[in-house]
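Me: I would like to learn how to read the fold of a model, going from the whole chain to its packing. Could we take the features in turn?

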Amino acid sequence: MSPRPPAPGILRRNRAYRLAFLADLTSGLGTGISAIAFPLLVLGIGGGAARAGSVATVSLVTRLLFRLPAGHLVDRWRPRTVMVSTDLVRLVLIGSIPAAGALGALTYPHLLLVAAGEGLATALFGPAAISLTRDVVAEEELADALGLGQAVQAVTALVGPATGGALYAADRMLPFVWDAASYLLSAVLLGLITAGAAGTDRTGNRTPREGDGITAGIRWLVGQRTLFTIMLYGSIVNLVCAAMDVMVVAVLRSHGESGNRTGLILSCAGVGAVAGALLAPRLVKALSVRTILLGIGTVWTTVPAVFAAVYSPLLTGALLTVLMTLSPAAGVAIGRALYSCTPRRLVGRVSAATSVLLMGLAALGPVTAGALFDAFGGRGAWWCMAATMAVATAAGWLPLRAARDLTAPAPDAEDAADTQDAAATEDTQDAAATEDTTSGDDPDRAGRPGPGAAAPPGNRRAGPSTA
């Protein structure tokens, strides 16, 4: 008997997810390109360093403040509609920058307004992206979808800044023209999604229930003891990860390393992130959630301790590559554990709550790293980071044992009824789409209920981030 040929990948088999992935990649690269151009543009129009940093801060703070209300709204709206609408809003906002530049009317307040509007739109887009992916990705393809989402973030972190800098050097408006065009292309790609699009066969379980509200996602997450423990653990890893870049730069510069060499060493982390994103689905399928998370904790404890004991630029680059090669697997494991258990009606709000929990603490990472370096020097700061991860890993050792037993809970009565109604609708749609299933774009697979998650575009490189 001849061996069975391997199944085609999710990008080839699932048209709906393929379009969503391309939209994610396109807009993510655009965001990465414009991210470095914003502070350069502020400096270019006469603003100081504080003003240059404030533009990014306004965008991040807006995302954080509106993330919970955004999740609440996304659970009541169609995800694809939200994503297309926010892409078009961001197209207008980012496009207003080169338009104002051409008219000679570009000002600092204008850039702040663009940053705030972009942050609000992104706060809506993120939970909607996760909801849409859950609608179009089948359970057996979850690890692949999460791994590809991590790959988008890794490629954006690796390619975006260099490309943005080169475009800005050619013409300071080019990065924003590129970013605006990426939002337009993303909206077009998302508009082409038909199978399972916008939760059209699963809108019944979006009906508000007694006790539901903006904080429903947080309350549900706190009630899931194992999942909440994983989120807390991941927030500590993200905190240390967010502090890593600042620490590496500060230590290298204190030893007299040039800016070019420092940049090359930091780029090793981007290379590791890309490799890790490609390996993540295999690692998640081969290892338990507990093994991955505790393994990540052990590595993130060991590497800062090595940095504290030995100074070597070559070793620093190598270990940064190792760190970021392993981290995407943790993001995939956390995402699969979380969204496979989340009730469909709460996906947006749980996604928003997870983002606030995982990334809110990480926002303190750079400031904390700088304070530790100023207070204790490089060696002392590295030891503090190693001790933080050691305590978190030790504290999570016993609670995380339950992570290997995570399974999706049985739906409650209302969810079960919604699922039956959706299944009946889907059976009718599947019968009408039988001819298309042989073409490689499988509507049956794309529309089948199953958990899924995708990291929203625009996220910077971090540890086990799912949002």
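Me: What share of the contacts in the protein chain with a separation of 6 or more comes from residues 24 or more positions apart?

Reply: In this model, which is predicted, residues 24 or more positions apart account for 88% of those contacts. The secondary structure of the protein chain consists of 16 helices and zero strands, and 52% of its 467 residues count as buried.

Me: Where is the largest nonpolar core, and which helix gives the most to it?

Reply: As a general idea, nonpolar side chains tend to be buried together in soluble globular proteins. Here the largest nonpolar core has 58 residues, and those with the most contacts inside it include Trp220, Met244, Leu293 and Trp382. Helices H6, H8, H9, H10, H11, H12, H13 and H14 each supply at least two of its residues, with H9 giving the most, namely 13 residues. Apart from this core lies another, of 25 residues, including Ala23 and Leu124.

Me: With which residues is Met244 in contact, once its neighbours within four places in sequence are left aside?

Reply: Met244 is then in contact with Trp300, Phe307, Leu320, Leu323, Trp382 and Met385.

Me: How are helix H2 and helix H7 oriented, and is their crossing left-handed or right-handed?

Reply: An angle over 145 degrees counts as roughly antiparallel. The axes of H2 (residues 15-44) and H7 (residues 174-191) cross at roughly 160 degrees and come within 8 Å, so H2 is roughly antiparallel to H7. Their crossing is left-handed, and the contact between H2 and H7 has 15 nonpolar, seven polar and one charged residues.

Note on methods: Residues are numbered from 1 along each chain as its sequence is written. This is a predicted model: local features need pLDDT of at least 70, side-chain atom pairs count only at pLDDT 80 or more; totals for chains, interfaces and linings use all residues. Side-chain values use heavy atoms; hydrogens and water are left out. A nonpolar core is a set of buried Ala, Val, Leu, Ile, Met, Phe, Trp, Tyr and Cys residues joined through side-chain atoms within 4.5 Å. Buried means under 20% relative accessible area, exposed over 50%, partly exposed in between (1.4 Å probe, protein chains only). Helices (H or I, at least four residues) and strands (E, at least two) are DSSP runs, numbered from the N terminus. Contact means heavy atoms within 4.5 Å. Axes are lines fitted to C-alpha atoms, for helices over the stretch in contact, and angles run from 0 to 180 degrees between N-to-C directions. Angles under 35 degrees count as roughly parallel, over 145 as roughly antiparallel, 65 to 115 as roughly perpendicular and the rest as oblique. A crossing is left-handed if the near helix is turned anticlockwise from the far one by less than a right angle, and right-handed if clockwise. Ala, Val, Leu, Ile, Met, Phe, Trp, Tyr, Cys and Pro count as nonpolar, Asp, Glu, Lys and Arg as charged, and the others, Gly among them, as polar.
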